[in-house]
Amino acid sequence: MVRLCRKSLKRRGRLFFDDSATFLLWTSAEIGYNHKGCISVRPVTRTGRKEVNELNWYYFSGTGNSLHLARQLAASLGGRTFSMAEELRKNTVSCETEVLGLAFPLYYGGLPEMVERFARTVDLSKVRYVVAVVTKGGSPGGLALEQLRRIFKSRGKQLNAGFYILMPANYIALYDAPSEERQQKLLRRGEAKVQEVAVAARAKLDYCEKEALLPGLLWRIIYRFWRIRRPKKSRLFRVDSSRCVSCGVCVRLCPSGIISLQEGEPVWKDGCQECMACIQGCPHQAIQRGTKTESRRRYRHPLVTLEDLFVDGRDR
Ligand SMILES: Cc1cc2nc3c(=O)[nH]c(=O)nc-3n(C[C@H](O)[C@H](O)[C@H](O)COP(=O)(O)O)c2cc1C
Ligand code: SF4
Ligand code: SF4
């Protein structure tokens, strides 16, 4: 980090001021004021407007699709990613930036319970623009963006932009993962679409994708039914003792914190999000649900590691 006073900066090159004038972008450097009032300069590899510290992305993700896209967006817009599950374990959840980004999967056409809880509790006092990315496995739309819009409206804020992105489907309890070839195709398309989201968010566009090709009422019934039964779905998991090596990975993956090891084997309490992180993530395929999951392929986004999905407060 090079330190320069304002006078020498004026002599040395072209400066661009951003809207808030807190940060400046120099042709090849990030420039900000340090605590002594001097200007600090750090070389940067990309060009474009300086957006760091302006945007936080919060994600909820069982198998990495939403986490990966949140990281992509944070990398292209400048910002940081935070796990909603970890944030909700704190006493207060506050977003310190003007732009709030959310990335999460579509569940039964609607919001995961944890995402709803996050949207209802996060402190929005500094937030001026909200953008949401919903990853989904193939159903034609849903209610998630509408549900979010209503929650933010009830809190005096607007959901400014919302997008659905098709990614590999991960609901192993109901179906097998797509073939490798299909996964690659979906991932490539997802990468392309996320660039469109980045453009919209950078320009702070007001735009929400249309949704709910199924009649809204039908989605509402399906979603309500699932929400009522969801907490007890953890009772459907079982462990295959011959495969379990007591590594504790499933405990660290669970966003609800409802798995514990007893006599070396996982035991589930009620309160499941149905994220599939435990069954998909067990390195020994020792977790099953029902009779069909044994033969089904496990899925995790190829660029997301198990450690990335751990809910233990590490920096990602
Ligand atoms: C409980 C559950 C319900 C799901 N419901 C839907 C759905 O209604 N429509 C859909 O297109 N995909 C659905 N999916 C698939 C996920 O939304 C999709 O695979 C998502 O990208 C997973 O994101 P993640 O890897 O960040 O967890 C569902 C998955 C789960 C686990
Ligand atoms: S992740 Fe799998 S092997 Fe490890 S403790 Fe859990 S069930 Fe056992
Ligand atoms: S028990 Fe499994 S599916 Fe349920 S919330 Fe925990 S990790 Fe997700």
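# Touring a predicted model

User: Which residue in β14 stands opposite Gln262?

Analyst: Happy to start there, with the reminder that this model is predicted. Strand β13 spans residues 259-262 and is joined to β14 by four bridges, with the two strands running antiparallel. In β14, the residue opposite Gln262 is Glu265.

User: How many residues lie between β13 and β14 in their hairpin?

Analyst: Glu263 is found in the loop that links β13 and β14. This turn residue has a positive phi of about 50°, and the hairpin's two strands are separated by a number of residues equal to two.

User: Is Glu263 buried or exposed?

Analyst: A residue counts as exposed if 12 or fewer other C-beta atoms lie within 10 Å of its own. Glu263 has 7 such atoms within 10 Å, so it is exposed.

User: Glu274 also has a positive phi; what is its value, roughly?

Analyst: Most residues other than glycine have a negative phi. Glu274 sits in the loop between β14 and α9 (277-281). It is a residue other than glycine with a positive phi, near 65°.

User: And is Glu274 buried or exposed?

Analyst: The cut-off for buried is 20 or more other C-beta atoms within 10 Å. Glu274 has 21 C-beta neighbours inside 10 Å, so it counts as buried.

User: Which residues of β14 point to one face and are buried?

Analyst: In a regular strand the side chains alternate between the two faces of the sheet. Strand β14 (residues 265-268) shows this alternation: Glu265 and Val267 point to one face and are not buried, while those pointing to the other face and buried are Pro266 and Trp268.

User: Which residues does Val267 touch, leaving aside those up to four places away in sequence?

Analyst: Val267 belongs to strand β14. With 14 other C-beta atoms within 10 Å, Val267 is partly exposed. Its C-alpha atom is 8.9 Å from that of Phe237, 30 residues away along the chain. Leaving aside residues up to four places away in sequence, Val267 touches Ser260 and Gln262.

User: In what order do the six strands of the open sheet come?

Analyst: Strands of a sheet pair through backbone hydrogen bonds, either parallel or antiparallel. In this open sheet of six strands the pairing is parallel, and the order is β7-β6-β8-β9-β10-β11.

User: Which are the edge strands of that sheet?

Analyst: An edge strand here pairs on one side only. One example is the strand that β10 (residues 161-166) meets through two bridges, β11. Within that pair, Ala161 stands opposite Tyr207. The edge strands are β7 (80-83) and β11 (207-208).

User: How many of the residues in β9 are buried?

Analyst: Both faces of β9 are covered. Tyr129, Val131, Val133 and Thr135 are buried on one side, and Val130, Ala132, Val134 and Lys136 are buried on the other. Of the eight residues in β9, the number buried is eight.

User: What is the bridge partner of Pro105 in β9?

Analyst: Strand β8 (residues 99-105) runs parallel to β9, and seven bridges join the two. In β9, the partner of Pro105 is Thr135.

User: At about what angle does helix α6 run to β10?

Analyst: Helix α6 covers residues 180-202 and lies across β9 (129-136), β10 and β11. Its angle to β10 is about 170°.

User: Which domains does ligand 1 lie between?

Analyst: Of the 24 residues around ligand 1, the nearest are Ser61, Asn65, Ser66, Pro105 and Gly137. The elements giving two or more residues to this shell are α2 (65-77) and β9. Two domains both contribute to the shell, so ligand 1 lies between domain 2 (55-223) and domain 3 (231-309).

User: How many charged residues are in the shell around ligand 2?

Analyst: Ligand 2 has 13 residues around it, and Cys244, Cys247, Val249, Cys250 and Cys282 come nearest. By class, 10 are nonpolar and three are polar, while the number of charged ones is no residues at all.

User: Which residues are closest to ligand 3?

Analyst: The shell around ligand 3 holds 11 nonpolar, four polar and one charged residues. Among the 16 residues that surround ligand 3, the closest are Cys254, Cys272, Cys275, Ala277 and Cys278.

Note on methods. Residues are numbered from 1 along each chain as its sequence is written. Chains are lettered from A and ligands numbered from 1 in the order in which they are written. This is a predicted model: local features need pLDDT of at least 70, side-chain atom pairs count only at pLDDT 80 or more; totals for chains, interfaces and linings use all residues. A residue is near a molecule or strand if its C-beta atom, placed from the backbone, lies within 6 Å of it. Ala, Val, Leu, Ile, Met, Phe, Trp, Tyr, Cys and Pro count as nonpolar, Asp, Glu, Lys and Arg as charged, and the others, Gly among them, as polar. Two strands pair if DSSP finds at least two bridges between them. Two residues are in contact if their C-beta atoms, placed from the backbone, lie within 7 Å. Axes are lines fitted to C-alpha atoms, for helices over the stretch in contact, and angles run from 0 to 180 degrees between N-to-C directions. Domain bounds come from an automatic or database domain assignment.
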